[in-house]
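Ready for some practice? Work through each exercise with the model open beside you, and try it yourself before you read the solution.

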Amino acid sequence: MSTTSTPATSTFEIRRSDTPVPAAERAEAMAAPTFGTVFTDHMARVSWSLADGWHDRRVEKYGPLLLDPATAVLHYAQEIFEGLKAYRHADGSVWTFRPSANAARFARSAHRLALPELTEADFLGAITALVSTDVDWVPSGEETSLYLRPFMYGSERFLGVRPSLEAEFLVIASPVGPYFAHGVQPVSIWVAQDYHRVGAGGTGAAKCGGNYAASLLPQQEAYGHGCEQVCFLDAATNSVLEELGGMNVFLVHADGSVSTPELTGSILEGVTRSSVIRLLTDAGHEVSERRITLAELLGGLADGSVAEVFACGTAAVITPIGRLAGEGFDTTVADGAAGGVTMRVRAELTDIQYGRATDRHGWLHRLV
Ligand SMILES: *Cc1c(COP(=O)(O)O)cnc(C)c1O
């Protein structure tokens with residue numbers, strides 16, 4: 001058991017499904033799930049209205065939502081989400097990683113999207129209640145986990161343009177296999193120069209569905225160029241590295257120092273990003289958060305002063321980048337293989353998450 005103090009969590013009423021998936025069917029669904037296609041028996045839910053505040057904290061049967069066609073979110077995209085994982089340790093216990101950071105970011109996202117802020121106690125209470133109810137859905141294989149997707153949307157039936165006076169908060173859960181089914185493989189990145197994710201004063205620092213909607217066309221353009229992911233530049237100068245559609249980015253220099261784009265308000269502050277900064281700093285790397293131009297990166301790849309590039313986020317943890325292409329350039333990162341610093345920090349992080357290494361920063365939070 002963890003001896004660190006646990007943050008307060010709200011109590012949820014458990015309304016069990018009377019038609020849970022039979023054990024044999026569940027085992028089959030969990031054997032090799034494609035990301036985001038298999039869901040557990042239940043979902044956690046809290047409703048909000050201006051008049052009553054947050055109310056009706058419950059876990060109920062997973063199922064479709066009934067939405068009036070005039071529901072606010074369908075028209076003006078007043079929606080935010082989070083992503084975190086529940087990990088099963090060797091002794092059978094189930095843990096999550098820095099959930100208070102996700103709860104705090106969720107509250108910041110809510111503020112930016114003019115949605116009601118949810119307390120950390122409700123955020124953690126929902127996750128704890130759902131994972132406890134659906135604990136049999138937490139897989140135990142290597143690099144498997146139960147992916148948790150908290151989200152909130154404006155649910156008022158109203159077409160006027162103003163913040164919704166009603167909202168729904170839900171958490172759904174999906175068992176996921178290893179992100180890289182055949183071992184960690186470096187990915188190719190397309191640098192978008194015609195499209196931007198967000199601009200100054202926009203919603204870049206909020207985790208909202210609208211940012212993803214804006215990233216899909218450039219993402220499609222990346223596929224067209226034989227790349228798996230897109231990297232965005234700043235909207236103001238079209239020259240400064242920001243991040244990928246859903247991952248932050250890091251450069252490892254030949255002298256062992258590391259740099260990552262600074263938080264400007266248009267970049268999402270990743271929990272993985274902050275954990276990686278901490279682990280690399282602990283390991284003696286000098287890590288700077290600063291302005292990095294595309295020209296600097298391309299120059300560094302050409303003269304060898306940039307030795308490794310990687311992306312990071314909860315879903316894939318850490319993904320080596322082996323190739324970088326854009327209008328007028330197409331270059332490998334070093335020899336195109338996964339770098340040593342990249343793979344070391346990836347192993348350190350996953351060892352903590354799966355309970356194989358000492359959690360010296362108190363990042364783990366026990367759920368079951
Ligand atoms: C969620 C997300 C990330 C990664 O954040 P983590 O907390 O590390 O999962 C990075 N960029 C964007 C745009 C995101 O939405």
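**Exercise 1.** How do the residues of the shell around the ligand divide into nonpolar, polar and charged?

*Solution.* Keep in mind that this is a predicted model. Begin by collecting the residues that surround the ligand: there are 15. Next, sort them by type: four are nonpolar, seven are polar and four are charged. Finally, pick out the closest ones, which are K207, Y212, E243, T272 and T314.

**Exercise 2.** Find polar side-chain atoms that lie beside ligand atoms, and then work out how much of the ligand the protein buries.

*Solution.* Start with the oxygen atoms of the ligand. K207 places a polar side-chain atom 2.7 Å from one oxygen atom, and T314 also has a polar side-chain atom 2.7 Å from an oxygen atom of the ligand. Now turn to nitrogen: a polar side-chain atom of E243 is 2.5 Å from a nitrogen atom of the ligand. On its own, the ligand exposes 380 Å², and the protein buries 97% of that. As a last step, locate the ligand: its place is in the largest pocket.

**Exercise 3.** Which stretches make up domain 1 and domain 2?

*Solution.* Domain 1 covers 13-179 + 359-366, while domain 2 covers 187-337. Their C-alpha centres are 28 Å apart. For the contact, count 22 residues from domain 1 and 22 residues from domain 2.

Key
Residues numbered from 1 in each chain as written. Predicted model: local features only at pLDDT ≥ 70, side-chain atom pairs only at ≥ 80, totals over all residues. Heavy atoms only, no water. Near = heavy atom within 4 Å. Polar contact = N/O pair within 3.5 Å; in protein donor to acceptor, adjacent residues only side chain to side chain. Areas by Shrake-Rupley, 256 points an atom, 1.4 Å probe, with all protein chains shown as cover. 1 Å grid on protein atoms, 1.4 Å probe; cavity = no way out; pocket = protein on both sides within 12 Å on 5 of 7 lines; lining within 4 Å. Sits in = over half its atoms within 2 Å of the grid points. Nonpolar A, V, L, I, M, F, W, Y, C, P; charged D, E, K, R; others polar. Domains from an automatic or database assignment. Contact = heavy atoms within 4.5 Å.
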